[in-house]
Amino acid sequence: MSTQIAPSLLAADFARLAEEVEMINQSDAAMLHLDIMDGVFVPNISFGFPVIRSIAPLCKKPLDVHLMIVQPEKFIPQVKALGAQVMNVHWEACTHLHRTVQAIRDAGMLPAVTLNPATPVSLLEEIIGEVHMVLLMSVNPGFGGQQFIESTLRKVEKLRTLIEQNRSRALIEVDGGVNAITAPRLVEAGADILVAGSYVFRSPHPIETIRELAAL
Ligand code: DX5
Ligand code: ZN
């Protein structure tokens, strides 16, 4: 098993959340990816802290929280209180990204920075040494089930180069449109962690689907 898989709960059946989390527990998933939206930073609203508080105690996998919200720094204590291991903030949402990354680490979480499809990896040059992970969006954030943006593959390669040039140990995570076609190409390009929503939760055999992705 070489690729870490982070199923996105956004694509789960919200009427059966406990069962969906138990499926993740039984699977080869490395983390559970949680997409929080505010209807301002992205044109959609998903679920918030009360819902995650209910399911977090059921989840045996680390929580990878992806905040698609403005001013994510305001919510560091709430994300920590969920028991999250990784807190992802968008580069586009942080005026003082360096301060926010330090505050996430000071709170005892692993800081990750997320880039929208149009945001170049070169903008990470001064922060790449400080982050645990970079999350590249391979769709425009806000919705599951969108088509993979092809230029992400080149972006993964550029990010790998930036990481090596700066002797950083940052991991590369990719989010959006991950499936049996795109996943091997992303791994080949240098991705360490793949977020998969629809492809996992719409699968008739999600545990098997996660196993196949993790074996890439
Ligand atoms: C999009 C979210 C993704 C999304 C991925 O805004 O950040 O995590 O759930 O969904 P799929 O895998 O269906 O593209
Ligand atoms: Zn996400």
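**View 1. Ser8 and two glycines meet the oxygens of ligand 1.** In this predicted model, an N or O atom in the Ser8 side chain sits 3.0 Å from an oxygen atom of ligand 1. The backbone joins in too: Gly145 puts an N or O atom 2.8 Å from a ligand 1 oxygen, and a polar backbone atom of Gly177 is 2.8 Å from an oxygen atom of ligand 1. The protein covers 99% of the 380 Å² of accessible area that ligand 1 has on its own (Shrake-Rupley method, 1.4 Å probe).

**View 2. The shell around ligand 1.** Which residues come nearest to ligand 1? Of the 20 around it, they are Asp35, Gly142, Asp175, Gly197 and Ser198 (a residue counts as near if one of its heavy atoms lies within 4 Å). Strands S2 (32-37), S3 (63-68) and S8 (193-196) each give two or more residues to this shell, and S2 has the largest share, with three (strands are DSSP E runs of at least two residues, numbered from the N terminus).

**View 3. Two cysteines, Cys59 and Cys94.** Cys59 counts as buried because its relative accessibility is 13%, and Cys94 is buried because its value is 10% (buried means under 20% relative accessible area, 1.4 Å probe, protein chains only). The structure holds zero disulfides (pairs of cysteine sulfur atoms within 2.5 Å).

**Notes for the views.** Residues are numbered from 1 along each chain as its sequence is written, with chains lettered from A and ligands numbered from 1 in the order written. Local features need pLDDT of at least 70, side-chain atom pairs count only at pLDDT 80 or more, and totals for chains, interfaces and linings use all residues, while side-chain values use heavy atoms, leaving out hydrogens and water.

Note on methods: Buried means under 20% relative accessible area, exposed over 50%, partly exposed in between (1.4 Å probe, protein chains only). A polar contact is a pair of N or O atoms within 3.5 Å; within protein, one must be able to donate a hydrogen and the other to accept it, and residues adjacent in sequence count only if both atoms are side-chain atoms. Helices (H or I, at least four residues) and strands (E, at least two) are DSSP runs, numbered from the N terminus.
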